[in-house]
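Please look at the sequence and the structure shown below before reading on. The report that follows moves from one residue to the chains, and then to the DNA strands.

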Protein chains: 2
Amino acid sequence: MRPDTIGSLARETGSKVQTIRYYEAIGLLPAPARTAGNQRVYAKAHRDRLAFIRHARELGFPLDAIRELLALGDRPDQPCARADRIATAHLARVERKIAQLEALRGELARMVARCRRAQQRGQARISECRVIEALADHSHAHCLSGAHQAKGEAERFGG
Amino acid sequence: MRPDTIGSLARETGSKVQTIRYYEAIGLLPAPARTAGNQRVYAKAHRDRLAFIRHARELGFPLDAIRELLALGDRPDQPCARADRIATAHLARVERKIAQLEALRGELARMVARCRRAQQRGQARISECRVIEALADHSHAHCLSGAHQAKGEAERFGG
DNA sequence: ATAGTTCCTACAGTCGTTGTAGGTTCAAGA
DNA sequence: TCTTGAACCTACAACGACTGTAGGAACTAT
């Protein structure tokens, strides 16, 4: 259990060195001790806290939610209703996002399938391309679901 | 069919004024004519192009892909295999994202359900909270799927 | 001693917008 | 014609959550 450098901590938790320094800069991870040469020295508490953060991030919790969950974890005698609420809210966001992406998947799959069929019939010019056509269709008449027409539906799903 | 100001174009296409100027700045939308007072004046071609961009964005296409699709749309006699490939690649990304989010949904739902049961049994302290506990579990032993352990699985799904 | 790796700070870049500050132009009414 | 107020202009900063880079200092092994 000898103390960690930032590099070994990164390896142990599957983080990047830069990310650990970033978490410290935004106050998510407490500043550790330093060596005489100014290098960070981490104890077990840091490792545990960082593992918590990484795990929560893997589950998609935003850093603000993680900050609150960490604060809750530091008060073991408090009721856990708040933690429940944070996780429930996040679950709801994940479910909304899944529903949005499933609507997009349907529309994309339809576009691609029609383009494929056209290509197989030999109509493989852009001028008849179903993909381009569908995107250019200002009326959105080809959209069965209409799901993506709600404002900003697909924004920032990244990846 | 009189020419549009940037504001009316924004209303017609469901964009924001800033976003239209941004598309012009990055070369996605051609610079329109200007009035004597330096205000933008848009023609129908701009409106069509912007509608195309917005529709593609609603489907989650990144701007680089949209740039390429627009370029393809400007060459109607080219084969549409490239457009097919762009859309297919995007569909694959959407499907990967859905699979990731479904794994997260499962894990979150399990966490929340266990926390709920504990609360109903009256063990509503943070110290026994299943949410906090699951996140703190460095071993990830509670994770059935293991899906989110692959690198950066849940990154940037935003929203 | 020296070479190579890891560490340090500070800052810019990513993506697709959105917001702000500070000023100019336009359309309508008095 | 003048005035109000909305819409427009440029330029730049902020968002979230990192990631990358530059330029240097400090460890570790030989």
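Does B:Asn38 count as buried or exposed, and what number of C-beta neighbours inside 10 Å decides this? B:Asn38 counts as exposed because it has 6 C-beta neighbours inside 10 Å, where a residue is called exposed if 12 or fewer other C-beta atoms lie within 10 Å of its own, buried if 20 or more do, and partly exposed in between, with the C-beta atoms placed from the backbone.

This is a predicted model, in which local features need a pLDDT of at least 70 and side-chain atom pairs count only at pLDDT 80 or more, while totals for chains, interfaces and linings use all residues. Residues are numbered from 1 along each chain as its sequence is written, and chains are lettered from A and ligands numbered from 1 in the order in which they are written.

**Confidence and overall build**

The pLDDT is the predictor's confidence in each residue, on a scale from 0 to 100. Chain A has a mean pLDDT of 88, and 86% of its residues reach 70 or more. Over residues 149-155 of chain A, however, the pLDDT is below 50, and beyond near neighbours in sequence this stretch has 12 contacts in the model; two residues are in contact if their C-beta atoms, placed from the backbone, lie within 7 Å.

Chain A contains six helices and two strands, and along the sequence they come in the pattern α-α-β-β-α-α-α-α. Helices (H or I, at least four residues) and strands (E, at least two) are DSSP runs, numbered from the N terminus. Of the 159 residues in chain A, 34% are buried. Among contacts in chain A between residues at least 6 apart in sequence, 47% join residues at least 24 apart.

**An unusual backbone angle**

Most residues other than glycine have a negative phi. A:Asn38, although it is not a glycine, has a positive phi of about 75°, and B:Asn38 likewise has a positive phi of about 75°. A:Asn38 is found in the loop between β1 (33-34) and β2 (40-41) of chain A, and B:Asn38 lies in the loop between β1 (33-34) and β2 (40-41) of chain B. A:Asn38 counts as exposed because it has 6 C-beta neighbours inside 10 Å.

**How the two chains meet**

A rotation of 180° with 0.0 Å of shift along its axis superposes chain A on chain B, with an RMSD of 0.1 Å, and that is the relation of a two-fold axis. The superposition is by least squares on the C-alpha atoms of residues with pLDDT of at least 70 in both copies. The same surface serves both copies, since 98% of the contact residues of chain A recur in chain B.

In this interface, 59 residues of chain A are in contact with 59 residues of chain B. On the side of chain A that touches chain B, the elements that give two or more residues are α3 (44-58), α4 (63-73), α5 (81-120) and α6 (130-136) of chain A, and the largest share, 24 residues, comes from α5(A).

**One helix in closer view**

The buried residues of α4(A) are A:Ile66, A:Leu69 and A:Gly73. They lie on the same side of α4(A) because they cover an arc of only 60° around the axis, the arc being that of the directions from the helix axis to the C-beta atoms. These buried residues pack against α3 and α5 of chain A together with α6 (130-136) of chain B, whereas the face of α4(A) turned away from its buried side carries the exposed residues A:Asp64 and A:Ala71.

**The surfaces near the DNA**

A residue is near a strand if its C-beta atom, placed from the backbone, lies within 6 Å of it. DNA strand C is surrounded by 22 residues, the closest being A:Thr5, A:Gly7, A:Arg40, B:Gly37 and B:Pro62. DNA strand D is surrounded by 23 residues, the closest being A:Gly37, A:Pro62, A:Leu63, B:Thr5 and B:Gly7. The elements that give two or more residues to the surface near DNA strand D are α2 and α4 of chain A together with α1 (6-13) and α2 of chain B.

The table lists three surfaces by residue class, where Ala, Val, Leu, Ile, Met, Phe, Trp, Tyr, Cys and Pro count as nonpolar, Asp, Glu, Lys and Arg as charged, and the others, Gly among them, as polar.

| Surface | Nonpolar | Polar | Charged |
|---|---|---|---|
| Side of chain A that touches chain B | 31 residues | 12 residues | 16 residues |
| Surface near DNA strand C | six residues | 12 residues | four residues |
| Surface near DNA strand D | six residues | 12 residues | five residues |
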